[in-house]
Amino acid sequence: MTDSTVDKNSKNTKPADTKIVRAAIHPATGIARVGNSQEFYIGPETIRSKPKGPGFYKDGNGALKREAARFRIYGYNGAGQVVSEVTSDLADIEWTVQVANQKAAWYQFQLALDIPEASDPNLPPSKRRNANVTGASRKNLAIDPGPRTISGPNRSGDPYKFDSGEFYGTPVYLGELQTDDAGRLIFLGGMGLSASKQGETIPLTDFANNDGWHDDVSDGPVTATVSIDGEQVPVEPAWIITAPPNYAPDVIGVRTMYDLMQDVFVQSGCSLFRARSLLPMTYFPYFTG
């Protein structure tokens with residue numbers, strides 16, 4: 001007995017056990033990008049996708065299209081093998097997303113707080129943004145519209161907009177949810193707007209640490225409930241991050257040779273655990289030499 005069967009009409013190998021016992025949202029971290037156009041496109045879903053043609057990233061008026069993040073759900077059997085993508089044709093799916101922008105209530109962009117230097121007594125401590133705002137008044141700094149839930153194919157509209165969060169009483173739109181024809185989740189971020197407190201003219205003094213200012217990027221958890229034939233299966237969640245535009249989308253980021261070789265092993269069918277055991281990290285790469 002084999003543990004998989006091959007569909008003669010495709011190149012995909014399907015497991016013999018097709019009972020879905022759990023599911024996971026992919027990608028685990030989705031990236032959306034702001035833009036000042038109502039039009040949008042789906043961000044890259046494969047490695048090194050083909051470049052887009054001239055003018056693709058702008059609408060007819062020259063405004064920058066938003067890059068949407070699309071999330072899918074995949075079902076796994078008891079052996080951890082992928083059975084299939086879970087769409088609205090196969091299951092009842094309800095998506096819930098909660099994004100917020102709490103940068104103005106957090107620390108300044110000075111030093112990453114998860115590195116040893118952050119607790120070094122010889123270095124200046126990280127400062128809070130808007131430190132002059134204290135007590136209960138700091139709630140005015142956090143833009144938190146609360147969660148939004150969406151289900152079914154081809155859904156969109158006002159109920160799915162993250163538009164009820166405020167910065168000092170001013171509503172700030174952080175994006176919205178949609179679904180495609182298979183019930184997959186589409187997340188759209190903000191419009192690329194930033195401003196100081198309503199009624200105040202506050203000069204910009206820094207690339208990031210400007211008290212009294214806000215923008216419309218955000219991040220937060222993406223969850224889903226999935227029921228197949230009336231039986232609910234557990235679903236691993238994901239995360240959505242809204243970022244600035246990528247003005248050089250065809251430029252490939254630098255990576256280490258170790259990361260490249262590990263990727264080659266995995267792409268050839270080797271598990272990540274096996275790849276790491278065959279490629280022991282006996283030294284750590286550095287970028288200053």
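A polar contact, as the term is used here, is a pair of N or O atoms within 3.5 Å, of which, within protein, one must be able to donate a hydrogen and the other to accept it. One such pair in this predicted model involves the side chain of Asp180, a polar atom of which lies 2.9 Å from the backbone nitrogen of Ala182.

Asp180 belongs to the loop that connects β12 (176–179) with β13 (185–188). Is this residue buried or exposed? Asp180 counts as buried because its relative accessibility is 8%, and the limit for that class is under 20%. Apart from neighbours within four places in sequence, the residues in contact with Asp180 are Arg70, Pro153, Asn154 and Ile186. Of these, Ile186 falls within the residue range of β13, and Arg70 within that of β6 (66–76).

A contrasting case is Gly269, in the loop between α1 (257–267) and α2 (272–278). Gly269 has a relative accessible area of 66% and is therefore exposed, the threshold being over 50%. From Gly269 to Glu231 the separation is 38 residues in sequence and 32 Å in space, taken from C-alpha to C-alpha.

These two loops sit within a protein of two helices and 19 strands. The C-alpha trace spans about 70 × 50 × 45 Å along its principal axes. Of the 289 residues, 35% count as buried. Among contacts with a separation of 6 or more, 64% are between residues 24 or more positions apart.

The pairing of strand β3 (residues 22–26) illustrates how strands are joined. Strand β3 runs antiparallel to β6, and five bridges join the two. Within this pairing, Ile25 has Ile73 of β6 as its bridge partner. Strand β3 also pairs with strand β18 (residues 235–236), here in parallel orientation and through two bridges. In that pairing, Ala23 is matched with Val235 of β18. Strand β3 is thus bridged to β6 and to β18.

Strand β6 also takes part in the largest pocket, which holds about 1000 Å³ of space. Three elements each give two or more residues to the lining of this pocket, namely β4 (29–33), β5 (40–42) and β6. Which of the elements gives the most to the lining? That element is β6, with six residues. The lining comprises 34 residues in total, and those nearest the centre of the pocket are Pro44, Glu45, Thr46, Arg48 and Ser49. By class, the lining of the largest pocket consists of 15 nonpolar, eight polar and 11 charged residues.

The second largest pocket contains about 450 Å³ of space. Its lining is formed by 23 residues, and Lys103, Ser194, Phe207, Ala208 and Asp215 are the closest to its centre. Strand β15 (residues 213–215) supplies the largest share of this lining, with three residues. Asp215, one of the residues closest to the centre, lies within the range of that strand. Divided by class, the lining of the second largest pocket has 13 nonpolar, five polar and five charged residues.

Taken together, strand β6 connects several of these features: it is bridged to β3, and it gives six residues to the lining of the largest pocket.

Definitions and conventions:
Residues numbered from 1 in each chain as written. Predicted model: local features only at pLDDT ≥ 70, side-chain atom pairs only at ≥ 80, totals over all residues. Heavy atoms only, no water. Helix = DSSP H or I, 4+ residues; strand = E, 2+ residues; numbered from the N terminus. Buried < 20%, exposed > 50% of the residue type's maximum accessible area, 1.4 Å probe, protein only. Contact = heavy atoms within 4.5 Å. 1 Å grid on protein atoms, 1.4 Å probe; cavity = no way out; pocket = protein on both sides within 12 Å on 5 of 7 lines; lining within 4 Å. Points joined across faces, edges and corners; volume = space filled by probe spheres on them. Nonpolar A, V, L, I, M, F, W, Y, C, P; charged D, E, K, R; others polar. Pairing = 2+ DSSP bridges.
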